[in-house]
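Here are my notes on the model you asked me to look over. I've put them as numbered points so you can follow along in the viewer.

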Amino acid sequence: MRDGRIILLMGAPGSGKGTQSSLLESQFGFTCISTGAMLREEARQDTSAGFRLRQIMASGELVDDRTVCAAVGSQIKSLVAQSNGSGANLVLDGFPRTVEQAMCLDQLLEEIGMPGPLVLHLDVPQDVLLRRLARRRQCAVCGAIYSLASGPGFAGLSAGGGRCRIDGGTLVERDDDSEGVVSRRLAAYETATLPVLDYYRKRDFRSGIYRRLDGNRNAAEIAKEVCDIVLFFADTAVAA
Ligand code: AMP
């Protein structure tokens with residue numbers, strides 16, 4: 001695959017973005033930038049910025065565009081610099097979430113000479129999302145995702161005795177997966193993020209590719225389709 005590719009994994013909370021981005025890392029050597037993980041890390045700091053982030057994230061609202069764009073921008077630039085000019089293959093999980101963020105990403109990609117993104121939209125009905133989020137557990141150590149029930153959802157894993165299979169870490173429910181917060185996160189997705197999908201859907205083929213995937217399937221089936229699309233995208237010329 002040519003270097004310097006960028007994939008955006010889009011979808012509501014619980015749509016399987018984390019699972020598919022792990023696959024893109026392990027199968028194709030993409031480097032994943034998860035804004036949720038990045039912000040959770042920032043929020044753990046004992047600073048006023050950390051406190052402010054904890055409050056926003058616990059409420060289920062979105063963090064402001066300026067903060068998120070600055071963090072993602074510097075991360076992308078640093079990964080591109082580390083690639084010694086060959087370009088980095090990146091997957092963004094959870095960014096952009098607003099049209100402003102999408103415009104900011106466009107500007108950045110143009111500035112650093114990266115091609116337009118491949119946008120993969122994992123589409124999942126709301127009732128399925130609610131069921132998945134209620135059953136989702138995460139390893140407190142490495143962040144691996146598990147589901148308390150088997151079936152379509154998270155990597156086909158089930159929580160074995162409350163411990164992570166990778167490092168034995170405790171499996172916990174994310175604070176923002178509680179019922180009240182989930183409804184606000186889904187509302188934020190509908191209001192702020194659905195317009196981003198339109199933004200990409202209407203694009204000219206040369207400046208990016210948008211693909212909708214049925215996300216209400218087994219993770220392995222989705223992974224197979226993701227791989228096929230990525231292999232096609234790998235050799236398709238998309239303008240910077
Ligand atoms: P996630 O792990 O992607 O579900 O993100 C968890 C929380 O982090 C979200 O509910 C937001 O509060 C915040 N967040 C993550 N990504 C973004 C983003 N691109 N823009 C604004 N807030 C974000």
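**Notes on the predicted model**

1. Let's start with a proline. Pro 96 sits in the loop that links strand E3 (90–93) to helix H5 (99–112). Have a look at the bond just before Pro 96: the peptide bond from Phe 95 to Pro 96 is cis, with omega near 0°. Keep in mind that this is a predicted model, so the cis bond here is a feature of the prediction.

2. Stay in that loop for a moment, as Thr 98 also lies between E3 and H5. Is Thr 98 buried or exposed? Its relative accessible area is 10%, and the cut-off for buried is under 20%, so Thr 98 counts as buried. Leaving aside residues up to four places away in sequence, Thr 98 touches Leu 62, Asp 65, Ala 192 and Val 196.

3. Now the ligand. Which residues come closest to the ligand? They are Thr 35, Glu 61, Gly 94, Arg 97 and Gln 101, out of 16 residues that surround the ligand. Sorted by type, the shell has six nonpolar, four polar and six charged residues. Helix H2 (residues 35–43) gives the largest share of the shell, with four residues.

4. The ligand's nitrogen atoms are worth a click. One ligand nitrogen lies 2.9 Å from a backbone N or O atom of Gly 94. For Gln 101 the partner is in the side chain: an N or O atom there is 2.9 Å from a nitrogen atom of the ligand. Val 63 uses its backbone, with a polar atom 3.0 Å from a ligand nitrogen. As for cover, the ligand on its own has 470 Å² of accessible area, and the protein covers 96% of that.

5. Next, strand E1 (residues 6–10), where five of the five residues are buried. The side chains split in two directions: Ile 6, Leu 8 and Met 10 point one way, while Ile 7 and Leu 9 point the other way. Both sets are buried.

6. Which strands does E1 pair with? One is E3, joined to E1 in the parallel sense over four bridges, and here Ile 6 stands opposite Leu 90. Another is strand E4 (residues 118–123), which also runs parallel to E1 and is joined by four bridges. On that side, look for Met 10 opposite His 121.

7. There is also an open sheet of three strands, in the order E6-E5-E7, with antiparallel pairing. E6 and E7 are the edge strands, each with a single partner, so one side of each has no neighbour in the sheet.

8. Taking that sheet strand by strand, E5 (residues 136–139) pairs with strand E6 (residues 145–147) over three bridges, in the antiparallel sense. E5 is also joined to strand E7 (residues 171–172) by two bridges, and these two run antiparallel. Gln 138 is a handy marker: its bridge partner in E6 is Ile 145, and its bridge partner in E7 is Val 172.

9. E5 has buried residues pointing both ways. Arg 136 and Gln 138 point one way and Arg 137 and Cys 139 the other way, and all are buried. Between E5 and E6 the hairpin has five residues, and Gly 143 takes a positive phi near 85° in it.

10. One more threonine: Thr 19, in helix H1 (residues 17–28). Why does Thr 19 count as buried? Its relative accessibility is 13%, and buried means under 20%. Thr 19 and Ala 220 are 201 residues apart along the chain, yet their C-alpha atoms are separated by 9.8 Å.

11. Finally, the chain as a whole. The protein chain has eight helices and eight strands. Of its 240 residues, 48% are buried. If you take contacts between residues at least 6 apart in sequence, 73% join residues at least 24 apart. The chain exposes about 11500 Å², with carbon and sulfur atoms supplying 51% of that area.

Methods: Residues are numbered from 1 along each chain as its sequence is written. This is a predicted model: local features need pLDDT of at least 70, side-chain atom pairs count only at pLDDT 80 or more; totals for chains, interfaces and linings use all residues. Side-chain values use heavy atoms; hydrogens and water are left out. A residue is near a molecule or strand if one of its heavy atoms lies within 4 Å of it. A polar contact is a pair of N or O atoms within 3.5 Å; within protein, one must be able to donate a hydrogen and the other to accept it, and residues adjacent in sequence count only if both atoms are side-chain atoms. Accessible areas come from the Shrake-Rupley method with a 1.4 Å probe; for residues, only the protein chains shown count as cover. Ala, Val, Leu, Ile, Met, Phe, Trp, Tyr, Cys and Pro count as nonpolar, Asp, Glu, Lys and Arg as charged, and the others, Gly among them, as polar. Buried means under 20% relative accessible area, exposed over 50%, partly exposed in between (1.4 Å probe, protein chains only). Two strands pair if DSSP finds at least two bridges between them. Contact means heavy atoms within 4.5 Å.
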